Amino acid sequence: MAYDYEYFKKEILSLTAIDLNSYKEKQMKRRIDTLISKHKIAGYDKYVQGLRTDKTLFEEFVNYITINVSEFYRNPEQWKLMDQQVIPELIKKFGKNLKIWSAACSTGDEPYSLVMALSKHLPLNNIKIFATDLDKQVIAKAKLGLYSSKSVLAVPDDLKKKYFTQVGGSYKISDEIKARVEFKEHNLLKDTYPTDYHLIVCRNVLIYFTEEAKEEVFRKYFRTLASGGVLFIGSTEQIINYKEIGYERKNSFFYQKP
């Protein structure tokens with residue numbers, strides 16, 4: 001079985017450009033085995049054949065292994081800090097046209113949260129978020145902008161009233177917020193990173209990566225940031241060797257490039 005999984009990883013790299021070696025093997029293998037069992041497919045070899053020929057199966061696979069759990073204003077106390085300290089400092093340092101990257105943005109909850117948070121400090125036409133994800137299906141969902149009531153639970157009431165319309169049991173985000181975000185496919189482990197960004201938001205994604213892959217991404221983020229720029233990570237994450245990379249720690253989840 002171990003040999004089969006090694007073969008499977010190589011085939012997936014060739015098919016999707018997703019390197020499963022960079023993900024924690026136990027967790028990822030369990031997710032893939034669950035998916036194979038669901039379709040009653042006999043082993044990795046047959047599953048790879050199915051992925052090559054069945055578009056629906058292929059898209060389900062990519063969507064399933066690129067872990068997409070997101071919500072607006074996740075961990076509200078950290079967004080409060082963003083609102084009260086981080087955004088005002090960045091505007092003071094870099095001006096009104098901030099370069100912001102929401103990496104591994106999933107279904108768009110995070111970049112749209114960023115637009116709303118920034119809208120308290122800047123006119124909407126000054127706000128532009130570059131948002132990327134590996135999975136084109138979640139990018140399509142993000143562009144649609146329709147969310148469950150659970151997803152929008154932590155959105156401040158004034159912003160929910162201003163920027164969302166209730167559609168049945170769901171909430172649709174306004175076109176004026178959507179217009180401030182540019183979505184693009186991007187593989188954190190393979191693709192070129194942008195440069196000179198003032199804020200990078202990447203939360204609760206790298207926990208699934210190996211320590212080596214995690215460090216590589218944190219180093220690339222450091223190179224992407226402009227001097228004085230800030231990286232905002234998730235409440236389940238930490239950069240153990242942040243000093244060695246060059247970051248200064250502003251607090252538990254915000255790291256700054258000097």
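**Exercise 1. Place Glu 110 in the predicted model and decide whether Glu 110 is buried or exposed.**

Step 1. Find the element. Glu 110 belongs to helix H6, which spans residues 109-119.

Step 2. Check the accessibility. The relative accessibility of Glu 110 is 6%. The cut-off for buried is under 20%. Glu 110 therefore counts as buried.

Step 3. List the contacts, leaving out neighbours within four places in sequence. Glu 110 touches Ser 70, Trp 79, Ser 102, Val 201 and Arg 203.

**Exercise 2. Work out the strand order of the open sheet of seven strands, and state which strands stand at the edges.**

Step 1. Write down the order. It reads S6-S2-S1-S7-S8-S10-S9. The pairing is mixed.

Step 2. Go to the edges. Strand S6 (181-185) and strand S9 (248-251) stand there. Each has a single partner strand, so one side of each is left without a neighbour in the sheet.

Step 3. Add the twist. With direction ignored, neighbouring strands are turned against each other by 20° on average.

**Exercise 3. Determine how S9 runs against S10, and how S7 runs against S8.**

Step 1. Take S9 with strand S10 (residues 254-256). Three bridges join them, and they run antiparallel. Glu 248 stands opposite Gln 256 in S10.

Step 2. Take S7 with S8. Here there are five bridges, and the strands run parallel. Tyr 197 has Leu 225 in S8 as its bridge partner.

**Exercise 4. Identify the strands that helix H5 touches, and describe how covered S8 is.**

Step 1. Locate the helix. H5 covers residues 76-94 and packs on the sheet.

Step 2. Name the strands in contact. H5 touches strand S7 (197-202), strand S8 (225-233), S9 and S10.

Step 3. Compare directions. The direction of H5 makes about 170° with that of S8.

Step 4. Count the buried residues. In S8, eight of nine residues are buried, and the strand is mostly covered.

**Exercise 5. Describe the largest pocket: its volume, its lining and the elements that supply the lining.**

Step 1. Start with the volume. The largest pocket holds about 240 Å³ of space.

Step 2. Turn to the lining. There are 16 lining residues. Nearest the centre lie Thr 16, Val 62, Leu 134, Lys 136 and Glu 185.

Step 3. Assign elements. Helix H4 (55-65) and helix H7 (136-144) are the elements that give two or more residues each. H4 supplies the largest share, three residues.

Step 4. Sort by class. The lining has seven charged, five nonpolar and four polar residues.

Definitions and conventions:
Residues numbered from 1 in each chain as written. Predicted model: local features only at pLDDT ≥ 70, side-chain atom pairs only at ≥ 80, totals over all residues. Heavy atoms only, no water. 1 Å grid on protein atoms, 1.4 Å probe; cavity = no way out; pocket = protein on both sides within 12 Å on 5 of 7 lines; lining within 4 Å. Points joined across faces, edges and corners; volume = space filled by probe spheres on them. Helix = DSSP H or I, 4+ residues; strand = E, 2+ residues; numbered from the N terminus. Nonpolar A, V, L, I, M, F, W, Y, C, P; charged D, E, K, R; others polar. Buried < 20%, exposed > 50% of the residue type's maximum accessible area, 1.4 Å probe, protein only. Contact = heavy atoms within 4.5 Å. Pairing = 2+ DSSP bridges. Axes fitted to C-alpha atoms, helices over the stretch in contact; angles between N-to-C directions.
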